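The exercises below are meant to be worked through with the sequence and the coordinates open side by side. Each one states a task and is followed by a solution in steps.

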Amino acid sequence: MGLNKGYVLLPQPIEEEARKMLEDAGLEVVVAPDPKPETVAPLMKDAKAIVLRTGIYIDEALIKAADDLWTISRTGGGVDNVDLKAATAHGVIVTSSLGVNASTVAEHTLSLILALFKQFFLLDREVRKNNFKIRYKNYPQDVQGKRLGIIGFGQIGQILAQYYYPLGQTKILAYDPVLPDVVKTKFSATVDFVSLDELLKNADVVSIHVPLNEHTRNMIAWEQLKMMKPSAYLVNVSRGGIVNEKDLIKALKEGVIRGAGLDVFEKEPIEEDNPLLELDNVILTPHTAALTDECVVRMATEAVKRVIDLFNGNEPEKIANPEVLKLEKWQHLKKRA
């Protein structure tokens, strides 16, 4: 199935290795000067495929602006910056690099957890202020014996559990209401699967690994934070909207929990007047858990491979809206073995 007219649109540049793969496959590549909707909209008309990072939300208006859009391929694991309903209604296959960044995100999460227990950020700050006597305050804690609670036990949560267990040497708590029993059985020696309330009440550090949707928005708010131990930490590397930020700020200020490690925020980039910036019991990173040199290349090349697969008449991997395949226009696709 050759391209008569049309190209692969990049609302933001992607890694050179990935772009070269598209060109080597004989596909024309168009890069938007910036990812603003008003800049991208006029380029949609002849776009057959979009390789999408996080800088723009592809809404129905943008999808409608295309004459014959085949696919939107996300470099990241989430598809929350695509109007999935609109894409499906217009016959557009949406895919993501789900799982490609799992070990990288789990590493970042573990690093935040360890930094919180060991209080590196506080100690670093005090040493720079010439306060060497901070060493006598015994702020760091042992990790051994501390229980980790994982909300959402998908690929990232499972890898995190495997990384953390040898350090904590105590059973991990996990909450995931849609997890298949076969996974629970596999982890039964190291993980107790419990209710959300039980996890919050008993964990020494809680880490969030769920997608953002109508079920998970504000999943952790004041009521949930109050259930946590005053000595506990909260870590969020998933999406900002899952934690009610105002409630978290109040909890951090009032000592309801001991601290937090956040890679994601309700509004990104974080706003200049966000009170989190003034708090010294929170570590902030700029939505960077998956953004290592190695991982960004891997995410981009996987996103591009799925586009090339589709142009070669093959069903791409990791389709977020599989119901779209029932349409007549996709009946020719060769199924995966």
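**Exercise 1: the neighbours of strand β6**

In this predicted model, strand β6 and strand β7 (residues 172–175) run parallel and are joined by three bridges. Trace how the chain gets from β6 to β7, and identify which residues stand opposite Ile150 and Gly149.

*Solution.* Begin with the connection: on leaving β6 the chain passes through helix α7 (residues 155–168) before it reaches β7, and the β-α-β crossover made in this way is right-handed. Next, take the residue pairs between these two strands, where Gly149 stands opposite Leu173 and Ile150 has Ala174 as its bridge partner. Then turn to strand β9 (residues 205–208), which pairs with β6 in the parallel sense over four bridges; here Ile150 stands opposite Ser207. Ile150 thus has a partner in β7 as well as one in β9.

**Exercise 2: the two faces of β6**

Are the residues on the two faces of strand β6 (residues 148–151) buried or exposed?

*Solution.* The starting point is a general one: in a regular strand, side chains alternate between the two faces of the sheet. Sorting the residues of β6 accordingly puts Leu148 and Ile150 on one side, with Gly149 and Ile151 on the other. All four are buried, and both faces of the strand are therefore covered, since buried means a relative accessible area under 20%.

**Exercise 3: continuing from β7**

Which strand pairs with β7 over three bridges, and what lies between the two along the chain?

*Solution.* The strand is β8 (residues 191–193), and its pairing with β7 is in the parallel sense. As a check at residue level, Ile172 has Val191 as its bridge partner in β8. The connecting element is helix α8 (residues 181–186), and together β7, α8 and β8 make a right-handed β-α-β unit.

**Exercise 4: the annotated spans**

Take the two domain annotations recorded in UniProt and find how far apart the end C-alpha atoms of each span lie.

*Solution.* The unreviewed entry lists residues 110–289 as "domain: D-isomer specific 2-hydroxyacid dehydrogenase NAD-binding". In the model, the end C-alpha atoms of this span lie 11 Å apart, and the span is 34% helix and 14% strand. The unreviewed entry also lists residues 9–320 as "domain: D-isomer specific 2-hydroxyacid dehydrogenase catalytic". For residues 9–320 the end C-alpha atoms are 20 Å apart, with 36% helix and 14% strand.

**Exercise 5: enclosed and open space**

How many cavities of 30 Å³ or more does a search of the whole structure find, and which residues line the largest cavity? Describe the second largest pocket as well.

*Solution.* Rolling a probe the size of a water molecule over the atoms shows where empty space is left. The search finds one cavity of 30 Å³ or more, and the largest cavity has a volume of about 40 Å³. Its lining consists of Asn236, Gly240, Val243, Glu245, Leu248, Leu262 and Val264, which divide into four nonpolar, two polar and one charged residue.

The second largest pocket holds about 370 Å³ of space. Of the 17 residues that line this pocket, Thr54, Asp80, Arg239, Glu268 and His287 lie nearest its centre. By class, the lining has four nonpolar, six polar and seven charged residues.

**Exercise 6: backbone exceptions**

Locate the cis peptide bond between Glu268 and Pro269, and place Asn218 and His287 in the secondary structure.

*Solution.* The general background is that most residues other than glycine have a negative phi, and most peptide bonds are trans. The bond joining Glu268 and Pro269 is cis, with omega about -5°, and Pro269 lies in the loop between β11 (259–262) and β12 (282–284). Glu268 was met above among the residues nearest the centre of the second largest pocket.

Asn218 is not a glycine, yet has a positive phi of about 55°; this residue lies in the loop between β9 and α10 (222–227). With a relative accessible area of 37%, Asn218 is partly exposed. His287, likewise not a glycine, has a positive phi of about 50° and is found in the loop between β12 and α12 (293–311). His287 counts as partly exposed because its relative accessible area is 25%, and it is also one of the residues nearest the centre of the second largest pocket.

Technical notes. Residues are numbered from 1 along each chain as its sequence is written. This is a predicted model: local features need pLDDT of at least 70, side-chain atom pairs count only at pLDDT 80 or more; totals for chains, interfaces and linings use all residues. Side-chain values use heavy atoms; hydrogens and water are left out. UniProt positions are given in the numbering used here, feature names are shortened, and annotations may be inferred rather than shown by experiment. On a 1 Å grid over the protein atoms alone, a cavity is a set of points where a 1.4 Å probe fits but cannot get out, and a pocket is an open set with protein on both sides within 12 Å along at least five of seven lines; lining residues have an atom within 4 Å of a point. Grid points are joined across faces, edges and corners, and a volume is the space filled by probe spheres set on the points. Ala, Val, Leu, Ile, Met, Phe, Trp, Tyr, Cys and Pro count as nonpolar, Asp, Glu, Lys and Arg as charged, and the others, Gly among them, as polar. Buried means under 20% relative accessible area, exposed over 50%, partly exposed in between (1.4 Å probe, protein chains only). Two strands pair if DSSP finds at least two bridges between them. A crossover is right-handed if, with the strands pointing away from the viewer, the path from the first strand over the helix to the second runs clockwise.
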